[in-house]
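Student: I have a new model open and want to get my bearings. Can you walk me through the fold?
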Amino acid sequence: MVPSPSIVGVAGHAPRIVLARFLIYHTDKALQVKGSRGPRNVSKKSLPQLKRVLWDVFSLYIRQRDTDEDGCGNCISCGKTLEIGTKDCQAGHYIPKGRGGSHYLGLPRFPNDELAERNVNLQCAACNLVEGGNFLNYEKGLRHKYSDEATDELKEAGAVNPIFKRLKPDLIEIIEHYKSLLA
Ligand SMILES: [Zn+2]
């Protein structure tokens, strides 16, 4: 039996690596079906369950992408310094999930996968939750971080509002994809 890694017990490692190990362990556990092993059994999980697991993995991927080796980065909207592993350090959508900005849409099979990742960035809790995304400053942050062209491309993609139905095998594929990218 593999013991559950403890955050405290992995002293000496950068917080991002500790978090990744912790999450990978819990992701594998969450995908496991009682009394059985193997990916086929994942079909017994509900779509909301899989979406939750996917968000855990994807949002850590984004928080790692947007922080340095010490786990520090800046809120895309207000610039506040954030430390990975704290409640303030979140991953926030530019195009909201309800308007086609879901992180699990179009990944990883569509040619513009990058857009889905560009749509989610490091954000402080206040901007992400309280101020409805701090929308105008989010856009400014995007233009600074990527480019005007990349930001306009994202806005256009949001305006189209495509609805893709993601099936369980798709979600599993995306979960595994992002899990493999975690440090
Ligand atoms: Zn902020």
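Tutor: Read along the sequence, the pattern is α-α-β-β-β-α-β-α-α-α-α. Keep in mind that this is a predicted model.

Student: How many helices and strands in the protein?

Tutor: The protein has 7 helices and 4 strands.

Student: OK, start at the front. At what angle do α1 and α2 pack?

Tutor: Helix α1, residues 15–31, packs on helix α2, residues 47–65, at about 165°, and their axes are 10 Å apart. Angles over 145 degrees count as roughly antiparallel, so α1 and α2 are roughly antiparallel to each other. The crossing of α1 and α2 is left-handed.

Student: Which residues in α1 and α2 meet?

Tutor: From α1 there are Arg 16, Leu 19, Ala 20, Leu 23, Thr 27, Ala 30 and Leu 31; from α2, Val 53, Asp 56, Val 57, Leu 60 and Gln 64. By class, that contact has 8 nonpolar, 2 polar and 2 charged residues.

Student: Switching to strands. How many bridges join β3 to β4?

Tutor: There are 5 bridges between β3 (residues 89–93) and β4, and the two strands run antiparallel.

Student: What stands opposite His 93?

Tutor: Val 120 in β4.

Student: How many residues of β4 are buried?

Tutor: In β4, residues 120–124, 5 of the 5 residues are buried, so the strand is largely enclosed by the rest of the structure.

Student: And what percentage of the whole protein counts as buried?

Tutor: Of its 183 residues, 33% count as buried.

Student: Last one: what share of contacts comes from residues 24 or more positions apart?

Tutor: Among contacts with a separation of 6 or more, such residues account for 74%.

Technical notes. Residues numbered from 1 in each chain as written. Predicted model: local features only at pLDDT ≥ 70, side-chain atom pairs only at ≥ 80, totals over all residues. Axes fitted to C-alpha atoms, helices over the stretch in contact; angles between N-to-C directions. Parallel < 35°, antiparallel > 145°, perpendicular 65-115°, else oblique. Left-handed = near helix turned anticlockwise from the far one by under 90°. Contact = placed C-beta atoms within 7 Å. Nonpolar A, V, L, I, M, F, W, Y, C, P; charged D, E, K, R; others polar. Buried ≥ 20, exposed ≤ 12 C-beta atoms within 10 Å, placed from the backbone. Pairing = 2+ DSSP bridges.
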